[in-house]
Structure formats: C-alpha cells, structure tokens
Amino acid sequence: MAEIPLVMPKMSMTMEEGTFLTWHKAEGDEIRAGDVVCEVATDKVDMEVESPVDGILLRLVAQPDDVIAVGEPIAYLSSDADDLLGDLLDGPAEAEAPPPAAAALATTPAAPPPLSTVVSAVPLARRRAVELGVDLATLNGTGPGGTIRVLDVEAVTSPLVAPAPHVPPTPSVTNGVPAGTATPAARHRSRRTVARQTSASAAVPQAVVFRDLDLEAVAERRGQCGWLSLIVRAYADALRDSPLNARWTGEGSEVWSDVAVGLMVDTELGPVAPVLVNPDRFPIQELDERLGRVADHARSGKVPVEYLTAATTTVHDLGTLGVDAFQELLNPPQATALSVGAVAPHVVPVGGGVGVRTRCRVGLTVDHRVGDCADAARLLNAVQRRLDDPNWFGWR
C-alpha cells in the first residue's frame, strides 16, 4: 500500500488555513471510509474530518492548536486508494467571484448512480439515514466509488427536518461572571479569527447610513414568522438591484451575480456566519425555517458544508440582545453589511398628533469605493417598499 498524506481540508471557499483541534484516532489505527479522524477549526466553525478511504494511520503530524495551511499534511496513512484522499479532502471547489448562482447550483449534473445494486455507504451515514427516514438507494454518494457520506444524507433531508426548538442558554454565574463551557483556547482561536477579519476591514473606507424601518404593514400578517426573516428577504431582494451588490477589485467595482447573505450568529465561542445563497428566492415561511435551522447549526458548532460558501453581504441582528442601533464592520470583499436593532413600538408623528408604530432601526455599512451614502439610502428605501407590501411576501 502507498503512503499518502491526509491534508488540512478546505471546508469553505474563504478558508486559507485551519487550526488543528484534536485527533479521534491514533497511530496504527485502522480506519475506514467515513470514520471521523480528527477535528479542525475553520474560519467559520469547528468541523469533523472524515476519512474518505480505508487505510492505516502511520504518522500523526498535526498537534492541537497548530495552524496549518489548506492542503498541507496533518498525517500520513497507508492506503490502496492512491491519490483519492487528496481530491476528497479538498472540500468545496474554489470558485471565482462572484459565487455560482443558486439556479446553476441546482442544475449541476449529479454523479451517476453506482452500477451495483448494493448501496455503498459509511456506517455513520447509514445510521443517519435510519434516523431521518432516508432511502439510501435514492442518493448519489460523493465518497470514493460513489460511497454515501453523512453529508450526502443530511444535504437531502435538511430542508425537510423540522427546526429544533432553541432553548435560550442559562449560564451559571460565579462572582458576577458568567461561567461558559468554552475553553480559553477555543475563545482564543475565535478572537484570532475575528482579529484577522477586522484588520482587513480597517483598510476599507466605510460609511454608515441609519434608518428606522417601519414594520407596521407586515406586523399583523407575519404570524409566527420571525422579524429577521422578513428583513433578510426584503434586504436581499433590494440589494440584488443595487450597485452596492458588488466588490472592489482595486480598479473598479465588480457586480455579484447572486446575493449570498452571511447571517452573523452569536455563539459561545464567538460570532459564526453561515451563508444563505439567494434567500429572497425562498417563500417566506421556508426562509424562516431555514434561518432557524442554520442558526441552531451555528450554535452547536456543526454548520453543514452547504452553508459555508462565500458571502456577498452580512446581516447581524442584535435586537434580541436589547440593542437599538450599532455599526457592523465590513468583511472584505463584501461591500455591504446590515446591522439590525430591536423591533419595538415607537411613538412617531401621525397626522396632526402622535401615534405608535412598530419599527426597527437598521444601519447599512458600505464600502465607499463601491458606492456612497446616497446609494445606501436608496437601498434602504427599496427595503422599506417591500416591507410596506404584505403581498410581496405572498400574504393576501
């Protein structure tokens, strides 16, 4: 059997390096395709790394907290699979900006089904398929020889799985300081990632436009639909037609073909931003369910790979923490970021007197090289027009 490297995987298009966390296997262990070999921290979230082939671990190179470039070896193993390992640990294909449109993704030809009538699947995928009621024979595996992996099962079922109820954390308090479960090393990694991203943001000239969005027209129609879902859908659709849906290339602005919203989620380890591609294309109820699921994934530290694509803009909601308004920094090459404050009744002028309207203050941060404050104001006007029309959300 040949000795081949197990490399640092590329789990998202923005990932250039990863932090090794822990081994689940030891030198000399025999591993099979689908076994979880180790965990790494990407630029977004901690991820388990599965072996795509059978083999034996020969040497473990990476140690906890080692920062390793994508594609560099973290271990060596012996296998008959030749170079299959390198291909399958490369993660999502690197795409030239802008990211592929959702329609293009949906029409990408699927891999042909295996000729054998015996379904090839890793043990964890079989177990997950039983839990979710999935027929493995209907899936096309992405593992070696069409082997079905856990991600293949969850990718098919994720739109059908009901969102798990979110239980607000109730941290214990010692001497007035919340006692979390995150380790100091984990928090250090998270802050290091934030420091790298915000340092890049400091090189971008940024302007912020604030506006109170009036939500009165959709307040009675929304039912159980979350406020953030309404705002994300209206914002993504309005941004699609704005010159701010672009990035600065150094010589000019380049328009994105899609709108991919990075949803900033507050977690115990720090912010995590899973990405929803073209959220305005989903019916509002489906989008609301997707937002709930992806937020739960982020808080659990297990974001599915399909939500780790590159974002073209960011939405950050601190209204649930009682914040009325704040400025969100840009995450280059994104040219926009929307901060969302608390939704609450506001006393406003109405006719010759005063009245109460449901409102929310948002702040739109823009890359001043791509557009100016007037562009930002027009974009927020477009968001308001959509929020003023319940029919636009499909409500009659």
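In the predicted model, Asp 237 lies in helix H7. Its relative accessible area is 17%, under the 20% cut-off, and the residue is therefore classed as buried. The side chain of Asp 237 forms a polar contact of 2.6 Å with that of Arg 386. When residues up to four places away in sequence are not counted, Asp 237 touches Asp 280, Arg 386 and Trp 392.

Helix H7, which spans residues 227–240, also contributes to the nonpolar interior: nine residues of the largest nonpolar core come from this helix, the largest share of that core. The core comprises 71 residues, and those with the most contacts inside it are Trp 23, Leu 230, Leu 338 and Leu 364. In soluble globular proteins, nonpolar side chains tend to be buried together. Beyond its neighbours within four places in sequence, Leu 230 is in contact with Val 218, Arg 222, Cys 225, Ile 284, Leu 387, Phe 393 and Trp 395. A second core, separate from the largest one, has five residues, among them Ala 129, Val 134, Leu 136 and Val 153.

Arg 386, the polar partner of Asp 237, is one of the buried residues of helix H9, as is Leu 387, a contact of Leu 230. Helix H9 covers residues 373–387 and contains 15 residues; the distance from its first C-alpha to its last is 21 Å, close to the 21 Å expected at 1.5 Å a residue. At its N-terminal end, H9 is capped by Asp 372, of which a side-chain oxygen lies 3.2 Å from the backbone nitrogen of Ala 374. The other buried positions of the helix include Asp 375, Ala 376, Leu 379, Leu 380, Ala 382, Val 383 and Gln 384. The buried residues of H9 pack against H7, helix H6 (216–219) and three strands, S11 (206–214), S18 (336–350) and S19 (353–367).

Two cysteines were examined for their exposure. Cys 225, a contact of Leu 230, is buried, with a relative accessible area of 1%, whereas Cys 373 is partly exposed, at 31%. A search of the whole structure finds zero disulfides.

Elsewhere, four strands form an open sheet in the order S1-S8-S6-S3, with antiparallel pairing. Its edge strands are S1 (2–7) and S3 (30–31), each of which pairs on one side only. Strand S3 is joined by two bridges to strand S6 (residues 55–60), and the two run antiparallel. Within this pairing, Glu 30 stands opposite Ile 56 in S6.

Key
Residues numbered from 1 in each chain as written. Predicted model: local features only at pLDDT ≥ 70, side-chain atom pairs only at ≥ 80, totals over all residues. Heavy atoms only, no water. Core = buried A, V, L, I, M, F, W, Y, C linked by side-chain atoms within 4.5 Å. Buried < 20%, exposed > 50% of the residue type's maximum accessible area, 1.4 Å probe, protein only. Contact = heavy atoms within 4.5 Å. Expected span 1.5 Å × (residues − 1). Polar contact = N/O pair within 3.5 Å; in protein donor to acceptor, adjacent residues only side chain to side chain. Disulfide = S-S within 2.5 Å. Pairing = 2+ DSSP bridges.
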